[in-house]
Amino acid sequence: MAERDSRQAPPSGRGRQTWKWVAYITACYASHVTLIIIHVVLLALHEFEREKNVTVPSGISNDVASTGVTVILQTFGTGYCILLVWLTQRLSVRRELLQYQTLTATHDTTGAWSGLGAALSTVWDQTKLKAAARGVFLVTLYLAGIAVLHITSSSLMSLVPFNNTEVAYVTTQYEMLNLADLPINSYWTTATALIRSVTGYPAIQTIGLQNATLFETLPTGSGYGPTQVKAVTFSAQCYSLYNVSAIATPGGTYNISASNGTQPPVTYPPVYGFYNNVSYAVGADGKTVTILTTPPILDANLDSGSTFNITQNVPTQGGSNETETITIQIMTCVLSLTNQAAIINASTNALLTVSPPSPSPNPIWTPWQANSTGNPDPQLDWFGSAWTSSALTTDFYGPIRCAERACLLSFMDEYLMALLGAQYNGTTVIQSTPTFPRTLSGFESSIAEVASGAAWAVLTTSGYYKDSTNGANVVKSDFKLHLTINLTQVSVGLFFSILLLVLSSFLIHSPAVGTHHGVELSSCGILQVIWLSSCHDGIRGEVANAEPSKLREVGLRCTTAFGDGSSSQDQIAPVKGP
């Protein structure tokens with residue numbers, strides 16, 4: 001007996017053992033309460049949608065971020081569940097070993113902690129021989145709750161896509177200030193071909209150009225919704241001339257002269273006969289252009305302004321010539337522009353509105369005076385050079401096929417004619433359905449559109465439209481991921497967290513022990529069982545003589561605090577008779 005008592009821990013060691021288990025119990029309860037707090041905090045964050053403020057930074061792949069969230073939650077959940085099971089199992093096994101109860105009850109309850117499968121098997125054993133049904137059921141329920149938490153913890157939060165909208169400053173294209181420095185000389189040949197194609201092929205996109213308005217645009221994908229940019233709208237005012245004369249020459253040309261009423265007459269390059277529905281520029285300077293057109297353009301009072309007549313021979317289908325007299329109108333048109341603010345669709349660059357509206361030109365023919373052109377304007381003075389240096393087509397403006405380049409229409413001429421509804425078919429000019437009546441206001445609008453088209457073509461072909469220091473505020477939207485708390489998983493997790501706290505309080509509370517408990521063990525492995533059995537000789541002998549299939553029945557007759565290092569309270573009930 002003295003030998004067995006030597007296994008007892010000294011009083012000082014017993015005190016350290018007591019404080020150790022107090023620390024374990026405190027840690028166990030704290031861990032369970034912390035788990036509840038975590039779930040309550042997640043529910044609060046979900047209620048106020050605070051978690052949506054956490055978004056994936058632009059430099060991180062969405063796939064990497066989603067995988068990262070799952071891995072972090074899975075790692076944390078697994079680690080936390082391991083901590084809970086380790087603390088609760090350690091304290092619960094200690095309690096069962098020190099609990100004064102039947103040996104079978106100790107066997108069943110401690111065995112249930114081997115895992116959820118072992119626990120379920122032990123529950124089934126209780127249906128055959130009830131020994132510790134309540135304790136086994138609590139252990140099984142606790143391990144099942146841990147399994148549920150292990151599942152929900154990996155999906156408490158997830159990343160979901162959303163359209164992130166923000167106001168951003170984006171550099172525009174087709175900066176209006178560039179018109180003062182338009183690179184006509186370098187790119188004009190290519191640009192004039194482009195503006196003629198615009199009217200010949202309506203499907204060509206003219207982003208930044210609409211009628212006589214040239215407006216800034218935004219690079220593709222800049223944003224969406226309406227946004228404000230800068231714009232200019234061109235206008236033209238056309239004037240009649242004084243002292244118009246057309247003098248025939250022996251070579252079949254006409255020398256045309258006219259004046260503005262106060263200056264000496266200006267003589268223009270000689271011209272041959274004209275087709276009907278032709279508009280041909282005979283002179284241009286700065287922001288002015290002098291145009292011959294037939295038939296004459298009427299104003300709001302049905303006045304044809306300044307005209308002259310020429311007689312020309314027109315070939316007929318029979319091979320002979322037919323003499324006809326044709327009336328040709330001469331005018332000088334002056335270009336102007338209005339700086340505006342435009343509202344465009346940021347995603348399509350479609351023009352929505354412009355303000356203020358450009359002034360309407362005078363719809364009545366008025367004589368051209370010396371002050372009609374106004375002061376030089378760097379944003380417009382390129383216009384005359386653009387027209388006189390325009391590339392030539394292979395189309396003649398009249399029935400006479402002269403050998404001179406001056407008999408050919410330029411791309412700018414044909415652009416104007418196309419806007420007026422006249423199309424060249426190779427042998428003559430035919431009138432198609434006009435886009436508006438051939439009135440003075442309509443003609444002036446067409447001149448303005450030629451100017452805006454020319455500016456747009458130069459900016460486009462030169463790449464100059466990209467050199468902009470202007471910008472606009474746009475609403476940008478991009479696909480991002482933000483954190484979301486899954487309410488169902490958090491709610492289930494909270495329920496089982498509370499359940500685990502309650503179960504742990506039953507599983508780890510102080511045992512009903514005997515008077516001698518100097519030795520305390522927290523596990524029940526083979527080594528511990530062999531060692532403890534040496535402390536309970538009577539029970540060991542009883543179990544050793546039993547049949548393997550009757551071990552649980554024999555254990556029911558043995559009552560002991562098996563984890564106590566003393567056999568003083570061991571009781572063995574006699575075998576019941578048949």
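This passage walks through the disulfide, the cores, the sheets, some backbone oddities and the largest pocket of a predicted model.

Start with the cysteines. A search of the whole structure turns up 1 disulfide. Its partners are Cys 238 and Cys 333, with their sulfur atoms 2.0 Å apart. Cys 238 belongs to strand β5 (residues 226–239) and Cys 333 to strand β12 (residues 321–345), so the bond links distant parts of the chain, 95 residues apart. The torsion about the S-S bond of Cys 238 and Cys 333 comes out at about 105°, so this disulfide is right-handed. Both Cys 238 and Cys 333 are buried. Two other cysteines can be placed on the accessibility scale as well. Cys 28 has a relative accessibility of 0% and therefore counts as buried. Cys 81, at 7%, also counts as buried, because the cut-off for that label is under 20% relative accessible area.

Next come the nonpolar cores. The largest has 45 residues, and Phe 234, Trp 387 and Phe 443 are the ones that touch the most other members. At least two residues each are supplied by α7 (184–200), β5, β10 (288–294), β12, α8 (382–388), α9 (411–420) and α10 (440–462). Of these elements, α10 gives the largest share, 12 residues. Another core, of 34 residues, lies apart from this one, and its members include Leu 87, Leu 138, Leu 500 and Leu 503.

Strand β12, which holds Cys 333, is also the place of Ile 343. Ile 343 is partly exposed, because its relative accessible area is 26%. Between Ile 343 and Ala 231 there are 9.2 Å in space, C-alpha to C-alpha, although the two are 112 residues apart in sequence.

Now for strand pairing. Strands of a sheet pair through backbone hydrogen bonds, in either a parallel or an antiparallel way. One open sheet here has 3 strands in the order β1-β19-β20, with antiparallel pairing. Its edge strands, β1 (101–102) and β20 (571–572), each pair on one side only. β1 and strand β19 (residues 558–560) run antiparallel and are joined by 2 bridges; the bridge partner of Gln 101 in β19 is Thr 560. Another open sheet of 3 strands follows the order β6-β7-β8, again with antiparallel pairing. Here the edges are β6 (242–248) and β8 (266–267), each of which pairs on one side only. Strand β7 (residues 254–259) runs antiparallel to β8, with 2 bridges between them, and Ala 258 has Val 266 as its bridge partner in β8.

The β9 and β10 pair is joined by 7 bridges and is antiparallel too. In this pair, Tyr 280 has Leu 292 of β10 as its bridge partner. Strand β9 (residues 278–285) is mostly covered, with 6 of its 8 residues buried. The hairpin of β9 and β10 has 2 residues between the strands, and Gly 286 takes a positive phi near 60° there.

A few backbone spots also deserve a look. Most residues other than glycine have a negative phi, and most peptide bonds are trans. Against that background, Asn 211 has a positive phi near 55°. Asn 211 sits in the loop between β3 (209–210) and β4 (213–215), and Asn 211 is exposed, because its relative accessible area is 51%. Asn 349 also has a positive phi, near 65°, and is found in the loop between β12 and β13. At 10% relative accessibility, however, Asn 349 counts as buried. As for cis peptide bonds, one joins Thr 294 and Pro 295, with omega about -5°. Pro 295 lies in the loop between β10 and β11 (307–315). A cis bond also joins Ser 355 and Pro 356, with omega about -5°; Pro 356 is in the loop between β13 (351–355) and α8.

Last comes the largest pocket, with a volume of about 500 Å³. It is lined by 17 residues, of which Leu 103, His 107, Val 529, Val 543 and Phe 562 are the closest to its centre. Two or more lining residues each come from α4 (103–112), α12 (526–533), α13 (537–544) and α14 (551–556). The largest share, 6 residues, belongs to α4. By type, the lining divides into 7 nonpolar, 8 polar and 2 charged residues.

Methods:
Residues numbered from 1 in each chain as written. Predicted model: local features only at pLDDT ≥ 70, side-chain atom pairs only at ≥ 80, totals over all residues. Heavy atoms only, no water. 1 Å grid on protein atoms, 1.4 Å probe; cavity = no way out; pocket = protein on both sides within 12 Å on 5 of 7 lines; lining within 4 Å. Points joined across faces, edges and corners; volume = space filled by probe spheres on them. Helix = DSSP H or I, 4+ residues; strand = E, 2+ residues; numbered from the N terminus. Nonpolar A, V, L, I, M, F, W, Y, C, P; charged D, E, K, R; others polar. Disulfide = S-S within 2.5 Å. Buried < 20%, exposed > 50% of the residue type's maximum accessible area, 1.4 Å probe, protein only. Pairing = 2+ DSSP bridges. Core = buried A, V, L, I, M, F, W, Y, C linked by side-chain atoms within 4.5 Å.
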